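Here are my notes from a pass through this one. Have the structure open while you read.

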Amino acid sequence: MRSTTVSQSPSSVAQAEPLLEVQSVTRSFGGVRALTGASLAVPRGRICGLIGPNGSGKTTLFNIITGYERADAGRVRLDGKEVTGLAPERIFAMGVGRTFQITRIFARLSVLDNMLIATQRRERWWRSMLRGAGSAEEVERAMELLRFVGLAGHARALAGELSYGQRKLLELAYVLVADPELLMLDEPAGGVNPTLIGQLAERIRELNEQGKTFLIVEHNMELVMSLCDQVSVMSFGSVVVTGPPEEVRADPRVLEAYLGLDDEEDDLVESGGGTSGGR
Ligand code: ADP
Ligand code: MG
C-alpha cells in the first residue's frame, strides 16, 4: 500500500535522486580487501536491503558510510552532499541513524536511561547521567519511543536483562530519538525470535510510511524479500546485483555469490517459519 503513490519501475528507481550514494568505495585491512569498489544508491523513501555472504563487506560498507571507518578510495554522498571521511557524530547529525550487528547498549543501565543517553548524545554521556535523568519532556519522548517498540513495560528494567530481540528493539528506539531520515540496520533480525521479528518488520513499515528511508543488512531472506523495495547483493567486496526482490531472487549471480560457502550462516534462509511478520 505504501508504494501506491510511487512508481515501482526499475528505471524510475535508477533515475530518482538518491538519498544515499556510494561510489566505488575500496578498503583493505592489511592484505584483506574488504571492499573492492562498492557502489550503491539508496532512493529516498525506500526500504533497501543489502545481502551477501559473511565476509562480503556489508558491515565495512556500513562503517564507511557512517564514518566509523575510512575508505581508501571512493566517495559517499548524502542528499547530494559529500560526507566521505566525516566523523560519525557529523554523519549522525546529518540524519543517519545506525544500529550495530552486535548491540551497543549499556547493560547495567535501565532501558529508560539508555534512551536518555541517546537523547543527550551530543553531550558527554557521563555528564548527562550526572545531571540527572533528563527533563520531563525528554522522558516523555523516550517513553513514547519505548511504547512504539513495545518496551515501555521494561523501562525500569536493566537493559542487560532484556532478551536478545528486545535489545535489538531498544537499539531501534535508541536511534529513533534523533529522528534520522535514513536508518541503517545491521542484521536487525539476527538471533531474534519470530514474534519479535514480526514486530520489528511492522515497526519498519510504519516508519517507512512516515517517510523514513532504510538500508538493511539482513540474512533472513523471507524478511528481506517481504520488506524491501530494492535489494543489493554483495560478493567479495562489491555490489554485484541491485533490483526488485523478485528479480534478485531469480538472478543466477546471487546464487553464485552464495555458492561454495559451507558456513551454515551463509545459506539463504528460505523458510524462516513465519519470520516475515508480514500481512
Ligand atoms: P560482512 O559484514 O559482509 O560479513 P565485513 O565487512 O564484516 O563483512 O568483513 C569483510 C572482510 O573484511 C572480512 O574478510 C573481514 O574479516 C574483514 N575485516 C572487516 N573489518 C576488519 C578489521 N577491522 N580488521 C581486519 N579485517 C577486517
Ligand atoms: Mg557484518
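Where is Asp 79 found? Let me take that as the way in; bear in mind throughout that we are looking at a predicted model.

1. Asp 79 sits in the loop between β4 and β5. Its phi is near 55 degrees, a positive value in a residue other than glycine, so give the backbone there a glance. As for its surroundings, Asp 79 counts as partly exposed because it has 16 C-beta neighbours inside 10 Å, and the buried class would need 20 or more.

2. The two strands flanking that loop are partners. β4 (residues 73–78) and β5 run antiparallel and are joined by two bridges. If you want a spot to check the register, Arg 77 stands opposite Glu 82 in β5.

3. Stepping back to the sheet: it is open, has four strands, and reads β2-β1-β4-β5 with antiparallel pairing. The edge positions go to β2 (32–43) and β5 (81–82); each has a single partner strand, so one side of each is left without a neighbour in the sheet.

4. What packs on this sheet? Helix α2 (residues 58–65) does, touching β1 (18–29), β2 and β4. The direction of α2 makes about 115 degrees with that of β1.

5. A second loop residue deserves a look for its phi. Phe 236 is not a glycine, yet has a positive phi of about 45 degrees. You'll find Phe 236 in the loop between β9 (230–235) and β10 (238–243). Phe 236 has 15 C-beta neighbours inside 10 Å and therefore counts as partly exposed.

6. Now a helix pair. Two packed helices are described by the angle between their axes and the distance between the axes. For α4 (residues 111–119) and α7 (residues 164–176), the angle is about 30 degrees and the axes lie 8 Å apart. That makes α4 roughly parallel to α7, because angles under 35 degrees fall in that class. The crossing of α4 and α7 is right-handed.

7. Which residues in α4 and α7 meet? On the α4 side they are Val 111, Asn 114, Met 115 and Ala 118; facing them from α7 are Leu 170, Ala 173 and Tyr 174. Sorted by class, the contact of α4 with α7 has six nonpolar residues, one polar and no charged ones.

How values were computed
Residues numbered from 1 in each chain as written. Chains lettered and ligands numbered in written order. Predicted model: local features only at pLDDT ≥ 70, side-chain atom pairs only at ≥ 80, totals over all residues. Pairing = 2+ DSSP bridges. Contact = placed C-beta atoms within 7 Å. Axes fitted to C-alpha atoms, helices over the stretch in contact; angles between N-to-C directions. Buried ≥ 20, exposed ≤ 12 C-beta atoms within 10 Å, placed from the backbone. Parallel < 35°, antiparallel > 145°, perpendicular 65-115°, else oblique. Left-handed = near helix turned anticlockwise from the far one by under 90°. Nonpolar A, V, L, I, M, F, W, Y, C, P; charged D, E, K, R; others polar.
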